[in-house]
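Good morning, colleagues. I should like to take a few minutes on aromatic side chains and helix contacts. Please look at the sequence and structure first.

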Amino acid sequence: MHQFLFGTYPYIALAVMIIGSVARYERDPFTWKSSSSQMLRTKQLRIGSGLFHVGVLVIFFGHLIGLLTPIWIFDAIGISHGAKQTLAVVAGGIAGVMALVGGLMLFHRRWTDPRIRRTSSFADIAILLLLLAQLVLGLATIFASLGHLDGHEMVKFMSWAQGIFTFDAAAADYVKDVAPVFKAHLVLGLTIFLVFPFTRLVHMLSAPVRYLWRPGYQVVRSRKHGAAK
C-alpha cells in the first residue's frame, strides 16, 4: 500500500489533473471560472477571501520552491537544512493560520447563507472542506517538525518530490519512515490534485494572467436539468 500511495498514486493524480484540466478547457471553456458570489455578503467574502488566498499562495509557492529546488542549490548558497526547516515552520505556520481562518470564514458564509448555499454545487462545498482538512493537517505537521529542526526530515520530502518528477523508482522509500501525519498530508494533497479539474480550482490556472485582458463577461445557460428559466 505504501508503494502505491507514494510511488504510483502521485502519477495517477498528476495525470488526471493535467489531462482532465485540458479536457475541461477544451470541452466546457465557459465552466472555467470561480463562480463568484461576491454580490452576497461582500464584507465577509472580502476578508475571508483575502486571508485565504494570501495564505494559500504563500503555502503553495513555499512548497513548490522548498520541495522541488535541488538540495545542492541550498547547499551552494549556504542555506542549511536547519535554517530551511525553521523558515518553513515559521512562514508556513503563519500562512497556514491565515488560510485556515479565511477558509473557515468562507465556509461559514457559503454554508449558513441560504442564498449562497443555493448557488453552491456539491463540488464547491467538498473542495473547500478538503482544503480546510489539508490546512489542518499541514498545521499539525508543524508539531512533528519541531522535533526535527535539524532539517534532515525535510530532506526526505524533497528527495521524494524530486524523485517523483525524475521517475525515481525508489521515491516512495524516502518517506517510508516519516510520521503518519506527514503521510496523511501528502495523500490528501495528491487527492486534491486528482479532483482539481472537476472543481472551481481550475480558475487558478487562468488568474490573474488571462483575466487582465479578457473583453468582458458572457452569460451561459446551465446544462443542468431543471435549471431555472
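F157 and F182 are both buried in this model, which is a predicted one. The two residues form a tilted aromatic pair, with 4.9 Å from centre to centre and 45° between the planes. F157 belongs to helix α7, residues 152-165, and F182 to helix α8, residues 180-195, so their pairing ties together parts that lie 25 residues apart in sequence.

In total, the count is five aromatic pairs. Another of them joins F107 and W111, and this pair is stacked: the centres are 5.7 Å apart and the planes differ by 15°. Why are these two residues separated by about one helical turn? Both lie in helix α4, residues 81-112, and they are four residues apart there. Buried or partly exposed is the next point. F107 counts as buried because its relative accessibility is 18%, under the 20% limit. W111, with a relative accessible area of 40%, is partly exposed.

Let me turn to the packing of helices. The axes of α4 and α7 come within 8 Å and cross at roughly 85°, which makes α4 roughly perpendicular to α7. Which residues meet there? From α4 they are H81, K84, Q85 and A88, and from α7 they are H152, M154, V155 and M158. By character, the residues of this contact comprise four nonpolar, three polar and one charged.

K84, named in that contact, also lies over the face of F74, at 5.2 Å from the ring centre.

Thank you for your attention.

Definitions and conventions:
Residues numbered from 1 in each chain as written. Predicted model: local features only at pLDDT ≥ 70, side-chain atom pairs only at ≥ 80, totals over all residues. Heavy atoms only, no water. Phe/Tyr/Trp six-rings, centres within 6.5 Å; stacked < 30°, edge-to-face > 60°. Buried < 20%, exposed > 50% of the residue type's maximum accessible area, 1.4 Å probe, protein only. Lys NZ or Arg CZ within 6 Å of the ring centre and 35° of its normal. Axes fitted to C-alpha atoms, helices over the stretch in contact; angles between N-to-C directions. Parallel < 35°, antiparallel > 145°, perpendicular 65-115°, else oblique. Contact = heavy atoms within 4.5 Å. Nonpolar A, V, L, I, M, F, W, Y, C, P; charged D, E, K, R; others polar.
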